[in-house]
Amino acid sequence: QTHFIFHSLQAKMSRPVQARRLEGIDKNIWVEFVKLAATYSKVNLGQGFPDFPAPDFLREALTRALSGGNHMLHQYTRAFGHPPLVKVLAQFFEKLLGRDLDPMTNVMVTVGAYQALFCCFQALVDEGDEVIIIEPFFDCYEPMVKMAGGTPVFVPLRPNPPKDGKLMSSADWQLDPAELASKFSERTKAIVLNSPNNPLGKVFSRGELGLIAELCVKHDVLCISDEVYEWLVYDGKQHIRIASLQGMWERTVTIGSAGKTFSATGWKVGWVVGPDRLLQHLRTVHQNSVYHCATIAQEAVAQGFQRELMLYGKPESYFVQLPKELQQKRDWLVQSLDGVGMKPIIPEGTYFLVADISPFKSDVPDVPNSDEPYDSRFAKWMVKNKGLAAIPLSAFYSEAHKNNYTNFIRFCFAKEEATLKAASDILQKWKQEKTSS
């Protein structure tokens, strides 16, 4: 009897349990590298979060919301965004996009920009649709497209190193216009744009965005524009919103993040701005997945934006101060990497900087015929042996192109001075060991 029960149990359990849409997307670089950093790192310049505090005005807003008299802030709010937050976001983006926005239909609040992306792909991409992704790309785009049944089509930014021996800039990584145009077809449903770009820190120029916009209009393609680093641009560069270009508002969903905007990544408040004809479908996915995100965090972010709306463009605005501070941190890390011979690519925006590890390769043995890209092995060796965590650039490429860019790693410089100094000390000591050996 028991023998029979055991066999029927075994028979029942031989079917695959996971949905087919999860096949091949179960591996995640962050799970692995976050664990390595937690185990070995003395200094973590891997994951993209600041280790300095969020601004006082934002923390005070949260405290007020938490302890103030409005007990309804502890309950559900409107599913598609807390009314004070969608109102102020609409006011703010009206300024930035130069058009009238309806807070109820043109703005939706999400659980961070991550869920905004998920809603976009689930709502807009169908079985068999192609989605163009510019490489290197933030790594969740590819699995999210696949989960929606779509096919990712990759087009690379290609580096053109300066001839004069100067350090490379993220602006030196460019799309080939003919190559980009060749990726558009009647199967193309959308293109994902990320400017300023993570991991390179590239800020797309008006000309580059114009080229993308022209192709989107010509082929009737949607644009999912991930602009979470919109305020973090350096050297007087300008962030241009593709939705403001001709013919693009109707076909663009613009994604933003309070985490990156106010240095509070753990709050997980993001948003999408766009035409109702697109957002109505995002709302369907949103209401059937997370319903809404924390009321109290939305209230505090709303107050943060009200302050910024009043101070817009003034020197005391956080959106003016933060990029100034981060530019100094960037410059500091650029100098310290350059000083040890790990050539940095100077980013025009974001939290991140990519550096060429070629001069340090002699320390990290090559494994012939390994499936793992070299930069990935290098980053693992570095965290285990030197206590410094960074992320391999190949993690931001598709499987087919992973091995084309294996001499680079990504550092996050949105860190306290003490953290950056500790990283610099590790690199200096490493360089001295190399020269003395």
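These questions and answers deal with the nonpolar core and two helix pairs of a predicted model.

Q: Which residues have the most contacts inside the largest nonpolar core?
A: The largest nonpolar core has 141 residues. Helix α4 (residues 83-97) gives the largest share of this core, nine residues. Those with the most contacts inside the core are M342 and F411.

Q: Where does this core lie with respect to domain 1 and domain 2?
A: Domain 1 covers 20-53 + 318-436, and domain 2 covers 56-311. Both give residues to the core, so the core lies between them.

Q: Which residues does M342 touch, not counting residues up to four places away in sequence?
A: M342 is one of the two residues with the most contacts inside the core. Leaving out residues up to four places away in sequence, M342 touches L337, A355, D356, I357, F360, F378, I409, F411, L427 and W430.

Q: Are α5 and α10 roughly parallel or roughly perpendicular to each other?
A: The axes of α5 (residues 112-124) and α10 (residues 276-287) come within 8 Å and cross at roughly 110°. Angles of 65 to 115 degrees count as roughly perpendicular. Therefore α5 and α10 are roughly perpendicular.

Q: How many residues of the contact of α5 with α10 are charged?
A: Among the residues that make this contact are C119 of α5 and L282 of α10. The contact residues divide into seven nonpolar and four polar, and the number charged is no residues.

Q: Are α12 and α14 roughly parallel or roughly antiparallel to each other?
A: The axes of α12 (residues 318-340) and α14 (residues 417-436) cross at roughly 5°. Angles under 35 degrees count as roughly parallel. Therefore α12 and α14 are roughly parallel.

Technical notes. Residues are numbered from 1 along each chain as its sequence is written. This is a predicted model: local features need pLDDT of at least 70, side-chain atom pairs count only at pLDDT 80 or more; totals for chains, interfaces and linings use all residues. Side-chain values use heavy atoms; hydrogens and water are left out. A nonpolar core is a set of buried Ala, Val, Leu, Ile, Met, Phe, Trp, Tyr and Cys residues joined through side-chain atoms within 4.5 Å. Buried means under 20% relative accessible area, exposed over 50%, partly exposed in between (1.4 Å probe, protein chains only). Helices (H or I, at least four residues) and strands (E, at least two) are DSSP runs, numbered from the N terminus. Domain bounds come from an automatic or database domain assignment. Contact means heavy atoms within 4.5 Å. Axes are lines fitted to C-alpha atoms, for helices over the stretch in contact, and angles run from 0 to 180 degrees between N-to-C directions. Angles under 35 degrees count as roughly parallel, over 145 as roughly antiparallel, 65 to 115 as roughly perpendicular and the rest as oblique. Ala, Val, Leu, Ile, Met, Phe, Trp, Tyr, Cys and Pro count as nonpolar, Asp, Glu, Lys and Arg as charged, and the others, Gly among them, as polar.
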